[in-house]
Amino acid sequence: MALFLGSCKKYDEGPFISLRSKEKRMSGEWKVQKFLINDFDSTNCFNKYENAHFIFNLDRIGQSVIACSDFSANPKPIIVLNGKWEWINNKNKININYTSSSGAEDNPFELCPFIINNSTDWEVKRLTKNEFYLEANCDGEFFRLELKR
C-alpha cells in the first residue's frame with residue numbers, strides 16, 4: 001500500500017504535488033519577476049526608482065509588506081507598504097489589504113491592488129517553493145504578478 005503525502009494540484013499553473021504546506025511555500029520574501037496590467041508588461045512600474053529592488057514579504061500570521069530598497073546607495077527601504085493578508089475561497093485566493101505606507105511622499109503604486117485601504121482578492125495561479133503567481137481583477141483592470149525567490 002502506497003502512502004500519498006502532500007496536496008494534489010490545486011492551482012492552474014501547478015505544482016501537481018507538494019509536500020510543503022501552502023503557508024510554508026507562500027511565506028517569506030519574493031522579488032517581482034513580471035507584472036502585467038491587462039496583459040501588457042508593466043514590470044517597469046516596479047522599476048520607477050533606479051537600482052531599486054522590490055520585495056514582497058508575506059508571513060504565516062497574516063502580515064504583508066512591500067519594501068523598495070536602492071541597494072546601490074543604501075539598503076534602508078525607500079518605500080514600505082504595510083498590510084494584512086488572509087486565505088479565502090478554500091485557499092484558492094488571498095485577500096490583501098495595505099493599510100499604511102511610509103518612506104515616500106506619495107505611494108508610487110497608484111494602481112488599484114496597491115492603494116492604501118483597498119482590499120484586493122488575488123487568485124493564486126502557481127505556488128511553489130520558488131515561484132508565486134497571482135492574478136486579480138480590480139477596477140475593471142486585470143493584474144498578474146509573478147514573484148520569484
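**Notebook: loops, charges and one buried arginine**

Entry 1. I began at Asp-139, which sits in the loop between β10 and β11. The model is a predicted one, so I kept that in mind throughout. Is Asp-139 buried or exposed? I get 69% relative accessibility, which is over the 50% cut-off, so Asp-139 counts as exposed. I then checked the backbone: phi of Asp-139 is near 50°, a positive value in a residue that is not glycine. I jotted down the background for this: most residues other than glycine have a negative phi.

Entry 2. I looked for another positive phi and stopped at Lys-91. Its phi is near 65°, again positive without being glycine. Lys-91 is also a loop residue, placed between β7 (74-88) and β8 (93-102). How accessible is Lys-91? The relative area is 31%, so I wrote down partly exposed.

Entry 3. I stepped back for the overall fold. The chain has 1 helix and 11 strands. In what order do they come along the sequence? I read β-β-α-β-β-β-β-β-β-β-β-β. As for burial, 43% of the 149 residues count as buried.

Entry 4. Next I went to the helix end of things and picked Ser-27. This residue lies in the loop between α1 (22-26) and β3 (28-37). I have Ser-27 down as buried, because its relative accessible area is 16% and the limit is 20%. What does the Ser-27 side chain reach? I traced it to the backbone oxygen of Lys-24, at 3.5 Å. I met Lys-24 again later, in the positive patch.

Entry 5. Salt bridges. How many does the structure hold? My tally is 5. I went to Arg-144 for a longer look, and found that residue in strand β11 (residues 141-148). Arg-144 has a relative accessible area of 9%, so I noted it as buried. Which residues does Arg-144 bridge to? One partner is Glu-135, with the closest N and O atoms 2.6 Å apart. Another is Glu-146, where the closest N and O atoms are 2.7 Å apart. I also found the Arg-144 and Glu-146 side chains listed as a polar contact at 2.7 Å. Are these partners buried or exposed? Glu-135 is buried along with Arg-144, and Glu-146 is buried too.

Entry 6. Right after that I noted a network: Arg-126, Glu-131 and Lys-148 are joined into one by salt bridges that share partners. I opened up the pair of Arg-126 and Glu-131, whose side chains meet in a salt bridge at 2.6 Å, N to O. Why does Glu-131 count as buried? Its relative accessibility is 18%, and buried means under 20%, so Glu-131 makes the cut.

Entry 7. I followed the network to Lys-148, which I found in strand β11. At 23% relative accessibility, Lys-148 is over the 20% limit for buried, so I put it down as partly exposed. I also checked a contact across the sequence. Which residue did I pair with Lys-148? I took Trp-30, which is 118 residues away along the chain, and the two C-alpha atoms are separated by 5.4 Å.

Entry 8. Trp-30 came up a second time, with Asn-130. These two are 100 residues apart along the chain, and I get 8.5 Å between their C-alpha atoms. Where is Asn-130? I have it in the loop between β9 and β10. The relative accessible area is 42%, so Asn-130 goes down as partly exposed.

Entry 9. I stayed in that loop for Lys-129, since it too is found between β9 (119-127) and β10 (131-138). At 44% relative accessibility, Lys-129 counts as partly exposed. Then I turned to the surface charge. Which residues make up the positive patch? I listed Arg-20, Lys-24, Arg-60, Lys-129 and Arg-149.

Entry 10. Wrapping up the page, I went back over what I want to keep. For the charged residues I keep Arg-144, buried at 9%, with its bridges to Glu-135 and Glu-146. For the loops I keep two positive phi values, near 50° at Asp-139 and near 65° at Lys-91.

How values were computed:
Residues are numbered from 1 along each chain as its sequence is written. This is a predicted model: local features need pLDDT of at least 70, side-chain atom pairs count only at pLDDT 80 or more; totals for chains, interfaces and linings use all residues. Side-chain values use heavy atoms; hydrogens and water are left out. A salt bridge is a side-chain nitrogen of Lys or Arg within 4 Å of a carboxyl oxygen of Asp or Glu. Buried means under 20% relative accessible area, exposed over 50%, partly exposed in between (1.4 Å probe, protein chains only). Patches are made of residues with over 30% relative accessible area and no salt bridge: like charges are joined within 9 Å, nonpolar side chains (Val, Leu, Ile, Met, Phe, Trp, Tyr) within 5 Å. Accessible areas come from the Shrake-Rupley method with a 1.4 Å probe; for residues, only the protein chains shown count as cover. Lys and Arg count as positive and Asp and Glu as negative; His and the chain ends are not counted. The place of a charge is taken as NZ of Lys, CZ of Arg, CG of Asp or CD of Glu. Helices (H or I, at least four residues) and strands (E, at least two) are DSSP runs, numbered from the N terminus. A polar contact is a pair of N or O atoms within 3.5 Å; within protein, one must be able to donate a hydrogen and the other to accept it, and residues adjacent in sequence count only if both atoms are side-chain atoms.
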